[in-house]
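The exercises below are meant to be worked through with the model open beside the text. Each task is followed by a solution that proceeds one step at a time.

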Amino acid sequence: MKRLLLTLALILSFLSVMAADITPISNAFKGGNASSLTGAMDQEVDIALPGSSKKCNGSEAVKMLSTFFGSNKPTGFSVVHHADKKDAGFFVGKLPTASGEYRVNITYRADGDKAIIQSI
C-alpha cells in the first residue's frame, strides 16, 4: 500500500512539474522573427512596446512586433527568469538590439506543452 501511494505521489508530482515549452518564443525573439510567433499568440494579447500599448488580436500583435524588430534588430535573447504554474506561466528576458537593450516580460497560458502568449 505504501508503494502504491508513493508511486501515485511521484506520478502526480511529475505531471505538475511539466511545463509549457517556451523555446519557440525565445528563438523568435533571438532571431527577430515575429512571424514565427503567429501560432503562439492567444486570441487577444496585451502588448506594450516603446511608444504604444494596446490590447489587440494575435495577428496585430505579430505585426507590431515585426515593426519593432525592423527598427531594433535583435542581437540575441536570454531568459533571465521563468516560472510555471499548473496551466500558466511567465518569463522575463533580456533582448539586446542594435539600438539598446530591452527587458521583455511575457505571460502565457499552457495548451498542452505549448505556450500561448497572453501579454508582452
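**Exercise 1. Salt bridges**

How many salt bridges does a search of the whole structure find? Describe each of them in turn.

*Solution.* The model is a predicted one, and a search of the whole structure finds three salt bridges.

Step 1. Asp42 forms a salt bridge with Arg109, and the closest N and O atoms of this pair are 3.2 Å apart. Asp42 belongs to strand β1 and Arg109 to strand β5, so the pair ties together parts that are 67 residues apart in sequence. As for their surroundings, Asp42 is buried at a relative accessible area of 15%, whereas Arg109, at 30% relative accessibility, counts as partly exposed.

Step 2. In a further salt bridge, the side chains of Lys55 and Glu44 meet at 3.6 Å, N to O. Because Lys55 lies in strand β2 and Glu44 in strand β1, this pair ties together parts that are 11 residues apart in sequence. Glu44 has a relative accessible area of 48%, and is therefore partly exposed.

Step 3. The side chains of Lys54 and Glu60 also meet in a salt bridge, at 2.5 Å from N to O. Lys54 counts as partly exposed at 36% relative accessibility, and Glu60 is partly exposed as well, with a relative accessible area of 28%.

**Exercise 2. The chain as a whole**

Set out the order of the helices and strands, and then describe how the protein chain is buried and connected.

*Solution.* Step 1. The protein chain holds three helices and six strands, and from the N terminus on these elements run α-α-β-β-α-β-β-β-β.

Step 2. Of the 120 residues in the protein chain, 33% are buried. The accessible surface of the chain comes to about 7500 Å², and 56% of that surface belongs to carbon and sulfur atoms.

Step 3. If one takes the contacts between residues at least 6 apart in sequence, 44% of them join residues at least 24 apart.

**Exercise 3. The two sides of helix α3**

Which residues of α3 are buried, and which exposed residues does the face turned away from the buried side carry?

*Solution.* Step 1. Begin with the dimensions: α3 has 14 residues and reaches 20 Å from its first C-alpha to its last, which is close to the 20 Å expected at 1.5 Å a residue.

Step 2. The buried residues of α3 are Gly58, Ala61, Val62, Met64, Leu65, Phe68 and Phe69. Seen down the axis of α3, these buried residues fall within an arc of 160°, so they line one face of the helix. A general point helps in reading such a pattern: an α-helix has 3.6 residues a turn, so residues three or four places apart point the same way.

Step 3. The face turned away from the buried side carries the exposed residues Lys63, Thr67, Gly70 and Ser71.

Step 4. The buried residues of α3 pack against α2, β1, β2, β4 and β5.

**Exercise 4. Val62 within α3**

Is Val62 buried or exposed, and which residues does Val62 touch beyond those up to four places away in sequence?

*Solution.* Step 1. Val62 is part of helix α3, which covers residues 58–71. Its relative accessibility is 9%, and since buried means under 20%, Val62 counts as buried.

Step 2. When residues up to four places away in sequence are not counted, Val62 touches Ala34, Ser35, Leu37, Thr38 and Met41.

Step 3. Val62 and Ile47 are 15 residues apart in sequence, and their C-alpha atoms are 9.8 Å apart in space.

**Exercise 5. Helix α2 and Asp42**

Find the buried face of α2, and then return to Asp42 to list its contacts.

*Solution.* Step 1. In α2, which covers residues 23–31, the buried residues are Ile25, Ser26, Ala28 and Phe29. Viewed down the axis of α2, they fall within an arc of 160°, so they line one face of the helix.

Step 2. These buried residues of α2 pack against α3, β3, β4, β5 and β6. After α2 comes Gly32, whose phi is positive, near 65°.

Step 3. Asp42 has its place in strand β1. Apart from its neighbours within four places in sequence, Asp42 is in contact with Gly58, Arg109, Ile116, Ile117 and Gln118. With Arg109, the contact includes a polar contact of 3.2 Å between the two side chains.

How values were computed:
Residues are numbered from 1 along each chain as its sequence is written. This is a predicted model: local features need pLDDT of at least 70, side-chain atom pairs count only at pLDDT 80 or more; totals for chains, interfaces and linings use all residues. Side-chain values use heavy atoms; hydrogens and water are left out. Helices (H or I, at least four residues) and strands (E, at least two) are DSSP runs, numbered from the N terminus. Buried means under 20% relative accessible area, exposed over 50%, partly exposed in between (1.4 Å probe, protein chains only). Contact means heavy atoms within 4.5 Å. The arc is that of the directions from the helix axis to the C-beta atoms. The expected span of a helix is 1.5 Å times one less than its number of residues. A polar contact is a pair of N or O atoms within 3.5 Å; within protein, one must be able to donate a hydrogen and the other to accept it, and residues adjacent in sequence count only if both atoms are side-chain atoms. Accessible areas come from the Shrake-Rupley method with a 1.4 Å probe; for residues, only the protein chains shown count as cover. A salt bridge is a side-chain nitrogen of Lys or Arg within 4 Å of a carboxyl oxygen of Asp or Glu.
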